[in-house]
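Colleague: I am new to reading models like this one. Could we take it feature by feature?
Modeller: Gladly. Bring it up on the screen and we will start.

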Amino acid sequence: MSFRMTIKKNLQIILSEIPDQVKLVAVTKTKPISDIMEAYNAGHRIFGENKIQELIEKYEQLPKDIEWHMIGHVQRNKVKFMAEFVSLIHGVDSLKLIQEINKQAMKHDRVIDCLLQIKIASEDSKFGMSKSEAKTLLKSKAYTECANVNVVGLMGMATFTKDQEQIKSEFEYLQNCYLEFKKFNPIFNTLSMGMSGDYQLAIECGSNMIRVGSSIFGFRN
Ligand SMILES: *Cc1c(COP(=O)(O)O)cnc(C)c1O
């Protein structure tokens with residue numbers, strides 16, 4: 001079996017395992033256009049990148065019915081490069097960033113959907129807000145004034161560990177935040193958690209959007 005055939009097969013296996021209401025973001029960072037086209041030709045349309053430059057290059061070269069998700073940390077001065085086409089920005093972690101997304105979305109007469117990234121991992125390196133910071137943001141007047149941004153849910157990344165109990169408790173914490181915020185934010189509809197190593201557990205904990213790279217496209221260098 002060729003490597004390309006494997007991408008289609010991997011996709012089919014994952015899609016057959018996950019419930020219908022769970023969206024699969026196929027994470028294509030570092031992977032060539034030909035690999036993405038293999039997934040596209042197998043019918044997949046939702047792809048995620050974590051670097052703006054790569055996101056833009058791939059957007060320009062690939063079919064325009066792809067739904068592009070920005071899953072990485074976003075620098076404010078880069079928002080303008082993706083505002084025209086990005087479908088969902090997962091890693092939003094400040095009001096200032098929301099205000100910049102709002103400004104750029106207005107220029108294109110769009111409303112851009114975003115997720116707030118909550119820090120659930122114990123490592124220092126993972127970005128994100130605390131629960132109380134996110135809550136304050138969502139209730140602020142400044143956020144309500146951003147008519148061209150909709151925060152539609154939360155995103156998180158668990159600690160890189162083999163300890164399943166720790167990962168589970170981090171996912172459960174994020175699910176609780178999501179359910180609590182949804183009570184005063186009825187447009188909430190997305191809980192983005194789970195990657196190649198932990199998406200089954202994430203779904204058990206209520207995830208309805210998983211971001212999977214290496215299980216589809218193979219290991220990255
Ligand atoms: C790379 C990445 C993923 C996918 O990771 P895999 O382990 O390859 O599935 C998911 N989410 C984010 C934010 C990423 O940067």
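Colleague: Is Ser-192 buried or exposed, and why?
Modeller: Remember first that this is a predicted model. Buried means under 20% relative accessible area. Ser-192 has 0% relative accessibility, so Ser-192 counts as buried. Ser-192 sits in strand 7, which spans residues 190-192.

Colleague: What does Ser-192 touch?
Modeller: Contact means heavy atoms within 4.5 Å. Leaving aside residues up to four places away in sequence, Ser-192 touches His-90, Leu-115, Leu-154, Met-155, Gly-156, Met-209 and Arg-211. With Arg-211 there is also a polar contact between the two side chains, at 2.9 Å.

Colleague: Which residues are around the ligand?
Modeller: Arg-211 turns up again, among the residues around the ligand. The others in that list are Val-27, Lys-29, Ile-71, Met-155, Met-157, Met-195, Ser-196, Val-212, Gly-213, Ser-214 and Arg-220. Met-155 is a name you have just heard, as one of the residues that Ser-192 touches.

Colleague: How do I read polar atoms around the ligand?
Modeller: Look for pairs of N or O atoms within 3.5 Å. Take Lys-29: an N or O atom in its side chain is 2.7 Å from an oxygen atom of the ligand. Arg-211 has a polar side-chain atom 2.8 Å from a ligand nitrogen. Ser-214 uses its backbone: an N or O atom there lies 2.8 Å from a ligand oxygen.

Colleague: How much of the ligand's accessible area does the protein cover?
Modeller: On its own, the ligand has 390 Å² of accessible area, and the protein covers 91% of that. The space the ligand takes is the largest pocket.

Colleague: Now a helix. Which residues of helix 3 are buried?
Modeller: Helix 3 covers residues 52-61. Its buried residues are Ile-52, Glu-54, Leu-55, Ile-56, Lys-58 and Tyr-59. Next, ask what they pack against. Here the partners are helix 2 (33-41), strand 2 (46-49), strand 3 (67-70) and helix 4 (79-82).

Colleague: Which residues of helix 2 are buried?
Modeller: Asp-35, Ile-36, Glu-38, Ala-39 and Tyr-40. Just after helix 2 comes Gly-43, with a positive phi of about 105°.

Colleague: Which residue other than glycine has a positive phi near 55°?
Modeller: That is Asp-109. It lies in the loop between helix 5 (95-107) and strand 5 (112-117). Asp-109 counts as exposed because its relative accessible area is 71%, and exposed means over 50%. Thr-30 is not a glycine either, and its phi is positive, about 70°. Find Thr-30 in the loop between strand 1 (23-27) and helix 2. Its relative accessible area is 48%, so Thr-30 is partly exposed.

Colleague: Where is Lys-80, and what does its side chain meet?
Modeller: Lys-80 is in helix 4. A polar atom of its side chain lies 3.0 Å from the backbone oxygen of Asn-77. Lys-80 is partly exposed because its relative accessible area is 43%. Lys-78 is in the loop between strand 3 and helix 4. At 29% relative accessibility, Lys-78 is partly exposed too.

Colleague: How do I compare places along the chain with places in space?
Modeller: Use C-alpha atoms. Those of Lys-78 and Asn-150 are separated by 19 Å, with the two positions 72 residues apart along the chain. For Lys-80 and Ser-196, 116 residues apart along the chain, the separation is 30 Å.

How values were computed: Residues numbered from 1 in each chain as written. Predicted model: local features only at pLDDT ≥ 70, side-chain atom pairs only at ≥ 80, totals over all residues. Heavy atoms only, no water. Helix = DSSP H or I, 4+ residues; strand = E, 2+ residues; numbered from the N terminus. Buried < 20%, exposed > 50% of the residue type's maximum accessible area, 1.4 Å probe, protein only. Polar contact = N/O pair within 3.5 Å; in protein donor to acceptor, adjacent residues only side chain to side chain. Near = heavy atom within 4 Å. Areas by Shrake-Rupley, 256 points an atom, 1.4 Å probe, with all protein chains shown as cover. 1 Å grid on protein atoms, 1.4 Å probe; cavity = no way out; pocket = protein on both sides within 12 Å on 5 of 7 lines; lining within 4 Å. Sits in = over half its atoms within 2 Å of the grid points.
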